[in-house]
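Student: I'd like to take a close look at one part of this protein, and then see what surrounds it. Could you walk me through it at a bench biochemist's pace?

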Amino acid sequence: MNKRGYMKRYASILLSIFMIMLLCSCEKPAENKLSSTQVMMDTVITVTVWGTDEETLNGAIELCKSSEQILSRTVAQSDVSNINSARPATVSADTAELLNLALEISEKSQGAFDITVLPLVELWDINNRTSPPDKGEVAEALNSVNYRNLKINGTTVTPNGTKIDLGGIAKGYIADKVCAYLKTKGVERAIINLGGNVCVLGQHTEKLYSVGIQKPFALHGESAAILKINNKTAVTSGIYERYFEYDGRIYHHIIDPKTGYPADNGIQSVTVVTENSAVADALSTACLILGVDGGMKLAKQYNAETVFILSSGEIKVSNGLDINRNGTTPTITYK
Ligand code: AMP
Ligand code: MG
């Protein structure tokens, strides 16, 4: 990664820290609160738990580490690397389950979400590029992007010429795993923040948790809106997260598999709120491409709510949410 790439990554780390601070800012000092922050999965993760012990907290962090080893495309011998080595691969039952969910959301989003997008992700190399690739290169990479070619039979995955990247869904999936693990340990309250992919488990002591939705392209930590939730996950995809500017245009990390180019539809960010974080993660990526109408329709199929921020600055929320625009920063709650 070049210097710019590191600067952007550093900024996203600061954002993650901000979100955690915001989440905890309205707390009374609570007893038995434990927290661990680590750099992994290409970002900063923080797990905060109440009413449990260090061993349980460490177990949650270990689970993140071991999941990353299985799902990362840059870890040799991970399930993803094995699939990308162009031969049928045997993966864990968990990975097969995740891939099946990814394919289901590909189908429902009419290919907007497509984990076989890796050749385009590598071509665009958003952290290091300063100008777009040639049209011919985009067309060539597009040729091998098609989720329908990826075949899953039990735990055997046959790539059929595709290469996969789980960057649009893995963090949500791991957040779900951590939540489930904590529940098995009897934990009733926790906040899992995997680089801004947030799950709040249980009830806030007094009211609802506050999760800041980053204002696109503003100083990191500046909220466009505050989401008030309990027992939910909130996942944001934004075009401001990783991008370069060329000839007055923004080229970012979410690629429309129909065109081979970063989505360019006036949507700056989408936050998806629901119970399942893997679903929310994939949906936020898909919604960023599909736009307000298509995105809200898709999210509805998963009983998920959405918050869209448009390039005009307008904030649109789905039917199940209320937005109160009276304060300096709008607040968003469930109806
Ligand atoms: P997110 O930040 O969750 O929206 O995920 C963005 C990441 O998902 C990118 O950095 C890529 O690794 C990957 N990605 C980009 N475009 C797509 C797409 N259309 N479908 C699935 N994954 C994608
Ligand atoms: Mg995503």
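Which residue in E9 is the bridge partner of Val211? Please start there and then carry on to the other strands and the ligand sites.

Tutor: Happy to. Please keep in mind that this is a predicted model.

The bridge partner of Val211 in E9 is Leu227. That pair belongs to a longer run of contacts: strand E8 (residues 209-214) and strand E9 (residues 223-229) pair in the antiparallel sense over 6 bridges. As background, strands of a sheet pair through backbone hydrogen bonds, either parallel or antiparallel.

Now look at how E8 is covered. In a regular strand the side chains alternate between the two faces of the sheet. On one side of E8 you find Tyr209, Val211 and Ile213, and on the other Ser210, Gly212 and Gln214; every one of these is buried. Put as a count, 6 of the 6 residues in E8 are buried. Val211 is therefore one of the buried residues in a strand with both of its faces covered.

From there, move along the chain to two hairpins. Strand E11 (residues 243-246) and strand E12 (residues 249-252) run antiparallel and are joined by 4 bridges. Tyr246 in this hairpin stands opposite Arg249 in E12. There are 2 residues between the two strands, and Asp247, in the turn, has a positive phi of about 55 degrees. Most residues other than glycine have a negative phi. The second hairpin is made by E16 and E17, with 6 residues between them. Strand E16 (residues 321-324) and strand E17 (residues 331-334) are antiparallel too, with 4 bridges joining them, and Asn324 has Thr331 as its bridge partner in E17.

A further sheet is open and has 3 strands, in the order E3-E5-E4, with antiparallel pairing. Strand E3 (89-90) and strand E4 (151-153) are at its edges with a single partner strand each, so one side of each has no neighbour in the sheet. E4 and strand E5 (residues 156-158) are joined by 3 bridges; among the paired residues, Lys151 has Thr158 as its bridge partner in E5.

The loops hold two other residues with a positive phi. Ala86 sits in the loop between helix H3 (79-84) and E3, and its phi is positive, about 75 degrees, although it is not a glycine. Ala86 counts as exposed because its relative accessibility is 59%. Asp125 lies in the loop between helix H5 (118-124) and helix H6 (135-143), with a positive phi near 35 degrees. With a relative accessibility of 33%, Asp125 counts as partly exposed. For contrast, turn to Ile174 in helix H7 (residues 170-184): a relative accessibility of 2% is why Ile174 counts as buried.

With the strands and loops in place, we can go to the ligands. There are 17 residues around ligand 1, and those that come nearest are Ala112, Asp165, Ser237, Ile255 and Thr285. By class, this shell has 8 nonpolar, 5 polar and 4 charged residues. Helix H8 gives the largest share of the shell, 3 residues. Several polar contacts are worth picking out on your screen. An N or O atom in the side chain of Asp165 is 2.4 Å from an oxygen atom of ligand 1. Another oxygen contact involves Ser237, with a polar side-chain atom 2.6 Å from an oxygen atom of the ligand. Asp114 uses its backbone instead: an N or O atom there lies 2.9 Å from a nitrogen atom of ligand 1. On its own, ligand 1 has 500 Å² of accessible area, and the protein covers 92% of it.

Thr285 takes us on to the metal. The magnesium ion (ligand 2) is coordinated by Gly168 (O), Asp281 (O), Asp281 (OD) and Thr285 (OG1), at 2.1 to 2.5 Å. Along the chain, these donors follow the spacing G-x112-D-x3-T. Asp281 and Thr285 are about one helical turn apart, because they are 4 residues apart in helix H8 (residues 277-301). Both of these residues are buried. Thr285 is thus a link between the two sites: it is among the residues that come nearest to ligand 1, and its OG1 atom is a donor to the magnesium ion.

Methods:
Residues numbered from 1 in each chain as written. Chains lettered and ligands numbered in written order. Predicted model: local features only at pLDDT ≥ 70, side-chain atom pairs only at ≥ 80, totals over all residues. Heavy atoms only, no water. Donors = N, O, S within 2.8 Å, 3.2 Å for Na, K, Ca; no water. Buried < 20%, exposed > 50% of the residue type's maximum accessible area, 1.4 Å probe, protein only. Pairing = 2+ DSSP bridges. Near = heavy atom within 4 Å. Polar contact = N/O pair within 3.5 Å; in protein donor to acceptor, adjacent residues only side chain to side chain. Areas by Shrake-Rupley, 256 points an atom, 1.4 Å probe, with all protein chains shown as cover. Nonpolar A, V, L, I, M, F, W, Y, C, P; charged D, E, K, R; others polar.
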